[in-house]
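Here's a walk through how this fold is put together, strand by strand and then helix by helix. Keep the structure open as you read.

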Amino acid sequence: MTAGDKGAATQAAAAVQLCVHGRVQQVGFRRFVRSAAQRYGLKGWVRNTYDGSVEIWAEGPRSSVMSLLADVQQGPSGSWVTDVEEAWMTPDGALDGFTIR
């Protein structure tokens, strides 16, 4: 892979669905994710789930999605992330902005 190929690969569109476990509700986690996603120019959503985890769908340039993933693994102050399940998907491009559901 050449340097040009590597640059193109990091900017290629990507989408990921994340399920974040730990102390991730009632600690500002969704606002933290929305803020980070907007900073990286991603589209998607974040929501609490009934089992106490947080679910995220994010799409955009692969390098930006990877940056969000790194932020999510750390979480905001007051949270405690024990596991992040990730499923890489094909972006559908149908979303506008990044929302809290």
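## Two tryptophans face to face

Tryptophan 45 sits opposite tryptophan 57, which belongs to E3. Keep in mind that you're looking at a predicted model. That pair is part of the antiparallel match between E2 and E3, which is held over 6 bridges. The two strands make a hairpin with 5 residues between them, and in its turn glycine 52 takes a positive phi of about 95°.

Tryptophan 57 has another partner to offer: glutamine 17 stands opposite this E3 residue too. Glutamine 17 brings us to E1 (residues 13-23), which runs antiparallel to E3 (residues 54-61) with 8 bridges joining the two. Elsewhere along this pairing, alanine 13 has proline 61 in E3 as its bridge partner.

## The sheet as a whole

Which order do the strands take in the sheet? Reading across, it goes E4-E1-E3-E2-E5, an open sheet of 5 strands with mixed pairing. The edges belong to E4 and E5 (98-100), and each has a single partner strand, so one side of each is left without a neighbour in the sheet. On average, neighbouring strands are turned by 20° against each other, if you ignore direction.

Now for those two edges. On one of them, E4 (residues 80-89) pairs with E1 over 9 bridges in the antiparallel sense, and histidine 21 finds its bridge partner in aspartate 83 of E4. On the other, E5 and E2 run parallel and are joined by 3 bridges. There, glycine 44 stands opposite phenylalanine 98 in E5.

## Two helices on the sheet

H2 packs on the sheet and touches E1, E2 (43-48), E3, E4 and E5, with its direction making about 175° with that of E5. H3, for its part, lies across E1, E3 and E4 and runs at about 155° to E4.

How do H2 and H3 sit relative to each other: roughly parallel or roughly antiparallel? The axes of H2 (residues 29-39) and H3 (residues 62-74) come within 10 Å and cross at roughly 155°. Angles over 145 degrees count as roughly antiparallel, and therefore that is the label for this helix pair. The crossing of H2 and H3 is right-handed. On the H2 side, the contact uses Phe29, Phe32, Val33, Ala36, Ala37 and Arg39, which meet Leu68, Asp71 and Val72 of H3. Sort the residues of this contact by type and you get 7 nonpolar, no polar and 2 charged.

## The loop after H3

Two residues in the loop between H3 and E4 make a nice contrast. Is glycine 75, in that loop, buried or exposed? Its relative accessibility is 16%, so glycine 75 counts as buried, since the cut-off for buried is under 20%. Leaving aside residues up to four places away in sequence, glycine 75 touches Phe29, Phe32 and Val81. Its C-alpha lies 6.8 Å from that of phenylalanine 29, although 46 residues separate the two along the chain.

Serine 77 is found in the same H3-to-E4 loop, but serine 77 is exposed, with a relative accessible area of 76%. Between the C-alpha atoms of serine 77 and arginine 101 there are 21 Å, with their positions 24 residues apart in sequence.

## A positive phi and an edge residue

One more loop deserves a look, the one between E1 and H2, where glutamine 26 lies. Most residues other than glycine have a negative phi. Glutamine 26, though, has a phi near 70°, a positive value in a residue that isn't glycine. At 77% relative accessibility, glutamine 26 counts as exposed.

Finally, back to edge strand E5, the home of isoleucine 100. With a relative accessible area of 30%, isoleucine 100 is partly exposed. Apart from residues up to four places away in sequence, isoleucine 100 touches Arg30, Arg31, Arg34 and Val46. Threonine 49 is 51 residues from isoleucine 100 in sequence, and their C-alpha atoms are 12 Å apart in space.

How values were computed: Residues are numbered from 1 along each chain as its sequence is written. This is a predicted model: local features need pLDDT of at least 70, side-chain atom pairs count only at pLDDT 80 or more; totals for chains, interfaces and linings use all residues. Side-chain values use heavy atoms; hydrogens and water are left out. Axes are lines fitted to C-alpha atoms, for helices over the stretch in contact, and angles run from 0 to 180 degrees between N-to-C directions. Helices (H or I, at least four residues) and strands (E, at least two) are DSSP runs, numbered from the N terminus. Angles under 35 degrees count as roughly parallel, over 145 as roughly antiparallel, 65 to 115 as roughly perpendicular and the rest as oblique. A crossing is left-handed if the near helix is turned anticlockwise from the far one by less than a right angle, and right-handed if clockwise. Contact means heavy atoms within 4.5 Å. Ala, Val, Leu, Ile, Met, Phe, Trp, Tyr, Cys and Pro count as nonpolar, Asp, Glu, Lys and Arg as charged, and the others, Gly among them, as polar. Two strands pair if DSSP finds at least two bridges between them. Buried means under 20% relative accessible area, exposed over 50%, partly exposed in between (1.4 Å probe, protein chains only).
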